[in-house]
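Got a minute to go through this one together? Have a look at the model first, then we'll take it question by question.

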Amino acid sequence: MTSRADAVVALRALGVSFVLEIVDPIPRILHWGGDLGILDADSASALLLTAGPAQLNNSPDVPRSFSVLPTEHEGWSGTAALAGNAQGRATTPHPRLVSHDVVASDGSGGTIRLEFEDAVTGLRTRLTYRLDAHGVLSVDTSVIRDAALSPRHGDAPYTLDGALALLPLPERAAEILDFTGKWCRERAPQRTPFGFGTHLRAAHRGKPGHDSPFLVAVGTPGFGFGHGEVWAVHLAWSGEQRYLAERLTEGAGAFSGVLGAGEALHSGEIILADGERYDAPTVVFVWSGHGLDEVSDRLHRRLRSRATHPRSPRPLVLNTWEAVYFDHDMPRLTALVERAATVGVERIVLDDGWFRGRREADAGLGDWFVDEEVWPDGLTPLVDLVRGHGMQFGLWFEPEMINLDSDLARAHPDWVLGPAEGLGPESRSQYVLDIARPEAYDYLLERIDALVREHAIDYLKWDHNRDLLEAVSRGADGDRPSVHRQTAALYRLLDELRRRHPSLEIETCSGGGGRIDLGILDRTDRVWASDCNDPVERVQIERWTRALIPPELVGSHLGAARSHTTGRTTDLSFRLATALTAHAGIEQDLTAVDDEELSAIGRWATMYREFRSLLHSGRVVNADLADEATALTGLVAQDGSSALFTWSRVTTSAPGQCGRVGFPGLDPRAHYRVTIREELGAASRHQGDDPAWVARAAAGGFDLPGTVLVTAGVPLPTLNPQQAMLLHVQRVDD
């Protein structure tokens with residue numbers, strides 16, 4: 001006789017367990033969080049026995065449970081995993097498990113696949129849970145319309161309103177962290193208590209947006225970078241998004257709350273006829289027992305393990321935008337390239353302004369032909385100049401956008417995404433190209449492919465400068481919502497370009513950081529975190545971008561002394577230190593700087609090459625500090641042998657001293673040599689003398705036991721606002 005304990009299946013990896021009970025009619029979730037070890041029969045039985053909550057007053061007559069596809073049928077009053085209708089009918093899903101498959105490698109993750117049939121909705125649903133070796137759990141949902149399953153409602157197509165991946169949370173998950181933002185201030189964190197009701201974050205911009213929730217984390221009260229238990233979710237999708245954290249007074253089975261995400265669908269966007277299928281975007285869940293840095297470390301390891309992850313050293317970039325804007329003058333660009341070569345730049349990217357009619361931002365988008373008036377000999381002279389200096393060549397595109405003042409729009413006005421009855425307002429003088437339309441897709445593919453082939457382009461900067469509003473595709477049967485189709489077409493286009501040009505690298509930019517997610521990163525090699533190069537803003541923008549994305553994939557550029565986006569003026573040393581610790585680049589006009597500044601930039605480039613193997617493979621760590629005006633962030637080698645830390649201050653604050661600050665990510669049992677690196681210029685102090693140990697570290701290095709550097713902590717200098725200090729830490733033999 002088979003016991004109920006035999007129905008318990010578990011996936012385990014790197015301190016994480018995910019456990020289900022395979023039961024008719026629908027499996028239920030028993031655990032997602034810290035490792036429960038190998039579940040023997042006694043442990044499985046105990047987990048099952050404790051999985052049932054009390055049967056409450058004024059509630060269903062059986063205790064509630066939380067299943068893999070929660071519905072009203074099982075007494076769930078919260079947000080359903082699946083929602084839709086067949087022309088107003090079949091609104092009460094009754095999914096029933098028909099098969100399952102478990103492939104588990106104990107301690108190294110595995111896969112659970114569940115197949116369901118629903119006689120009410122006429123849907124076949126597949127749920128796939130994958131726990132990778134890094135402890136990251138991904139959930140994929142596929143839905144197929146099968147009219148034969150539902151004799152009563154199978155004659156009508158099924159309108160899918162939502163398909164969410166949902167996981168339960170324990171009572172101690174009591175505080176929510178997510179993100180908001182705007183252009184030039186992306187990924188601004190915000191915290192709130194996890195109260196009763198639904199905490200819903202939806203992105204309806206046709207992309208994640210500058211105010212994207214980005215990563216929703218729920219944790220124990222006061223969780224930080226290095227402490228607290230955290231449950232987090234990310235939607236790997238570049239279209240519209242829906243995140244929720246939900247808590248009902250009756251709980252979620254034996255749990256307290258729910259965390260989930262999925263695509264935000266417009267009404268009528270997904271209508272499934274018999275045999276048609278919808279594949280929901282992958283939802284990524286991460287648990288940590290040691291704060292947000294462990295969440296980041298798991299995600300970074302996952303990205304770095306991909307076969308497509310960049311392996312070559314990330315070249316030092318110069319992007320021409322803030323240096324010349326639309327002034328594409330060959331003598332001016334020649335001087336810029338030659339100056340770039342003297343400081344060690346390894347890749348030149350020609351930004352907006354090279355194509356027909358593009359003298360300002362109000363014309364030309366869509367006409368992807370080199371402007372013969374600006375470039376009478378084509379781009380070849382510039383490309384040859386760049387390559388002659390041993391540098392790679394990159395080119396800016398904004399393929400998904402179109403200006404009405406363009407040959408493309410005049411020839412094909414129906415290719416503009418928007419209602420046939422009339423377009424809404426322009427944004428940045430542009431509209432959106434309906435790239436889900438086959439003719440528009442083919443045109444883009446042909447033009448980009450031709451230019452990449454002609455010039456052997458190494459790199460594309462792929463921009464996307466406006467939200468999608470009234471994103472409907474025009475057709476003979478009327479306008480139809482098209483954000484999902486637009487996003488899928490983008491993915492196909494990127495995939496095909498990479499197939500044709502395997503060595504081509506692509507940067508995703510969307511007015512800066514308006515489209516950063518793991519879906520786009522499956523097809524690109526770099527994200528532009530923000531259009532803001534002001535280091536005061538960049539310190540926070542990049543700190544939180546690294547919560548999801550490892551530094552080697554985050555573009556970080558040196559801007560002019562007076563920021564072009566904020567008007568703030570900052571010291572060169574602060575700008576250099578801030579731009580060092582990701583994928584470094586230059587936006588500044590090097591032809592406008594004096595020899596002294598150019599020399600400092602050259603030293604910075606040398607330092608970048610010295611440290612980039614560490615920066616682009618190390619663990620990101622952040623100290624938990626009470627003073628929010630200061631930050632101690634670091635990149636620690638995977639073997640713990642070395643690290644580079646940045647001690648920075650953005651504003652003044654009440655404390656005159658920081659007190660003892662522990663360096664995170666290091667081994668308290670080891671011994672370390674700390675060296676203050678001041679090649680970029682010494683940080684300005686708001687004090688008299690440095691702590692004694694700092695003076696010795698600046699004079700050639702100072703040795704400290706890990707018990708002091710890590711556990712007890714050390715006093716650090718009180719810096720003036722908008723200053724940063726670099727500390728190189730190396731493990732030394734006892």
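## Pocket, helix pair and a threonine

Helix α10 is the top contributor to the lining of the largest pocket, giving six residues. Keep in mind that this is a predicted model.

Q: Which elements give two or more residues to the lining of the largest pocket?
A: The lining is made up of 28 residues, and the pocket's volume is about 710 Å³. Pro189, Gln540, Arg543, Trp544 and Glu628 are the ones nearest the centre. The elements that give two or more residues are β12 (188–193) and α10 (535–545).

Q: By class, how many residues in the lining of the largest pocket are charged?
A: Split the lining by class and you get 13 nonpolar and six polar residues. The charged ones number nine.

Q: Are α4 and α12 oblique or roughly parallel to each other?
A: Arg339, Thr342 and Val343 of α4 meet a set of α12 residues that includes Leu598, Ile601 and Ala605. The axes are 8 Å apart and the packing angle is about 55 degrees. Angles under 35 degrees would count as roughly parallel, and 65 to 115 as roughly perpendicular. The pair is therefore oblique.

Q: Is threonine 159 buried or exposed?
A: Threonine 159 sits in strand β9 (residues 158–163). Beyond its neighbours within four places in sequence, it is in contact with Ala83, Gly84, Asn85, Gly268, Ile270 and Ile271. Its relative accessibility is 16%, and the cut-off is under 20%. So threonine 159 counts as buried.

Methods: Residues numbered from 1 in each chain as written. Predicted model: local features only at pLDDT ≥ 70, side-chain atom pairs only at ≥ 80, totals over all residues. Heavy atoms only, no water. Helix = DSSP H or I, 4+ residues; strand = E, 2+ residues; numbered from the N terminus. Buried < 20%, exposed > 50% of the residue type's maximum accessible area, 1.4 Å probe, protein only. Contact = heavy atoms within 4.5 Å. 1 Å grid on protein atoms, 1.4 Å probe; cavity = no way out; pocket = protein on both sides within 12 Å on 5 of 7 lines; lining within 4 Å. Points joined across faces, edges and corners; volume = space filled by probe spheres on them. Nonpolar A, V, L, I, M, F, W, Y, C, P; charged D, E, K, R; others polar. Axes fitted to C-alpha atoms, helices over the stretch in contact; angles between N-to-C directions. Parallel < 35°, antiparallel > 145°, perpendicular 65-115°, else oblique.
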